[in-house]
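Thanks for sharing this one. Here are my notes, in numbered points, to read alongside the sequence and the model.

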Amino acid sequence: MAEHRDEVLKIEDLSIQYITKERTVHAVNDVSLSLKRGETMGLVGETGAGKTTIALGILQLIPDPPGKIMGGKIFFEGDNLLEKKLSDMQKIRGNKISMIFQDPMTALNPIEYIGDQIAESIALHKDVSKKEAQRLAANTLEKVGIPRERYFEYPHQFSGGMKQRIVIAIALACNPELLIADEPTTALDVTIQAQVLDMMNDLKRELGTAMLLITHDLGVVAEMCDRVSIIYAGEIVETGTVAHIFNEYMHPYTEGLFASLPRLAGKEKRLKAIRGLMPDPADLPKGCKFAPRCPYAKEACSRQEISLKEVSQGHFYRCLFGEEVAEKREADRKKMGR
């Protein structure tokens, strides 16, 4: 029972579609995951895999129409968010659950002081005076490394990295239980990216916040995450701890992601890309969604739906030939002398 009380977020069989007259896009397909207090989970996959749609589903921000949650449950602190009224969700968003959006350029209001944009979130959710909200906003600015003297400045007066810090400050202003970070460092150069990630880690530890980190960068995952879920075509194809995914991966798609990374050691002159393209989410293949691109695929892969299998405690994968992937993984390591 204690384990369940520790769960901040639990998603069960979530399915989301975008329905138009011309087509139905199956964006998220029976996704289940959970997140404990203070834990960081990475959602990893190619563009179009359904990562952001899952995040928007948690906050009930799926544009309707054309988006529709077709089934599943999303429990936050024991309550199913899909059963809550809009007025209840407005009290939760930005307060108990916050989201750092991908592009700080579009997330900030260009004609409002940056301090007031933070204070607005505090005033909306906390019973404080305007003066107190401004004081708390200034304190939050300093938490993310921006002097409080810059409270009355506009977004255009800040660099890209500083804008992202402001967006993080808005997200953390009310000390949320869950922080959803949608590729928070994509638009930043490597040096600023490292600074922002270190800052997010420090603040997460200080506030005890759980984090759902959406990214395609495995380096960021290694630095930030406790557990990882690999997503392909709206499905979780492998999930486990960082050690499971990095050292004991069992799915061909996960293998492909690691094989595509540049290596300092080795004689390869070109990166190994995963062949082909992601399937059209409006026309997904039967059986295994990765089969058309998979080097291990056999006829059986296209005949049946593949369910998640547990290979060790907390490590699940969705493949008929995971053992072959594991054998190749170990053979490659022996060749490299690891």
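**Notes on salt bridges, sheet and burial**

1. Let me begin with a charged cluster: a network of salt bridges links Arg37, Glu77, Lys96 and Glu177. Please keep in mind that the model is a predicted one. Searching the whole structure turns up 19 salt bridges, and the next points take a few of them one by one.

2. The pair of glutamate 46 and arginine 293 is a good place to look next. Their salt bridge has its closest N and O atoms 3.1 Å apart. The two residues are 247 residues apart and link distant parts of the chain: glutamate 46 sits in the loop between strand S3 (40-44) and helix H2 (51-58), while arginine 293 sits in the loop between helix H11 (252-259) and strand S11 (309-312). Is each partner buried or partly exposed? Glutamate 46 has a relative accessible area of 26%, so it counts as partly exposed. Arginine 293 has a relative accessible area of 6%, so it counts as buried; the cut-off for buried is under 20%.

3. Lysine 289 offers a second case, as it forms a salt bridge with glutamate 235, with 3.4 Å between the closest N and O atoms. This pair, too, links distant parts of the chain: lysine 289 belongs to the loop between H11 and S11, glutamate 235 belongs to strand S10 (residues 235-241), and 54 residues separate them. Lysine 289 is buried, because its relative accessibility is 9%. Glutamate 235 is likewise buried, because its relative accessibility is 9%.

4. For a local pair, please turn to helix H12. The side chains of aspartate 332 and lysine 328 meet in a salt bridge, at 3.0 Å from N to O. Both residues lie in helix H12 (residues 322-335), 4 residues apart, which is about one turn of the helix. Aspartate 332 has a relative accessible area of 25% and is therefore partly exposed. Lysine 328 is also partly exposed, because its relative accessibility is 38%.

5. Now to a sheet. How many strands form the open sheet, and in what order? There are 4 strands, in the order S2-S1-S4-S5, and their pairing is antiparallel. Strand S2 (24-36) and strand S5 (79-80) are the edge strands, each of them pairing on one side only. Between strand S1 (residues 7-19) and strand S4 (residues 67-76), which run antiparallel, there are 8 bridges. If you want a position to find on screen, glutamine 17 has lysine 68 in S4 as its bridge partner. H2 packs on this sheet and touches S1, S2 and S4, with its direction making about 115° with that of S1.

6. Glutamine 164 deserves a look of its own. This residue lies in helix H7 (residues 160-172). At 1% relative accessibility, glutamine 164 is buried, because the cut-off is under 20%. Which residues does glutamine 164 contact, leaving aside its neighbours within four places in sequence? They are Ile100, Phe101, Gln102, Pro104, Pro184, Thr185, Leu188 and Val196.

7. Glutamate 112 is placed in the loop between helix H4 (104-107) and helix H5 (114-125). With a relative accessible area of 29%, glutamate 112 is partly exposed. Not counting residues up to four places away in sequence, glutamate 112 touches Gln117, Glu120, Glu153, Tyr154 and Pro155. Of these, tyrosine 154 is 42 residues away in sequence, yet the C-alpha to C-alpha distance between tyrosine 154 and glutamate 112 is 6.2 Å.

8. Finally, the overall picture. The protein has 12 helices and 12 strands, and its C-alpha trace spans about 65 × 45 × 45 Å along the principal axes. Is the overall size what a compact globule would have, and why? A compact globule with 338 residues would have a radius of gyration near 20 Å, and the protein has 21 Å, so the two agree. Buried residues make up 48% of the 338 residues. Among contacts with a separation of 6 or more, 65% come from residues 24 or more positions apart. The protein exposes about 17,200 Å², and carbon and sulfur atoms supply 51% of that area.

Note on methods: Residues are numbered from 1 along each chain as its sequence is written. This is a predicted model: local features need pLDDT of at least 70, side-chain atom pairs count only at pLDDT 80 or more; totals for chains, interfaces and linings use all residues. Side-chain values use heavy atoms; hydrogens and water are left out. A salt bridge is a side-chain nitrogen of Lys or Arg within 4 Å of a carboxyl oxygen of Asp or Glu. Buried means under 20% relative accessible area, exposed over 50%, partly exposed in between (1.4 Å probe, protein chains only). Two strands pair if DSSP finds at least two bridges between them. Contact means heavy atoms within 4.5 Å. Axes are lines fitted to C-alpha atoms, for helices over the stretch in contact, and angles run from 0 to 180 degrees between N-to-C directions. The radius of gyration is taken over C-alpha atoms; the globule rule is 2.2 Å times the number of residues to the power 0.38. Accessible areas come from the Shrake-Rupley method with a 1.4 Å probe; for residues, only the protein chains shown count as cover.
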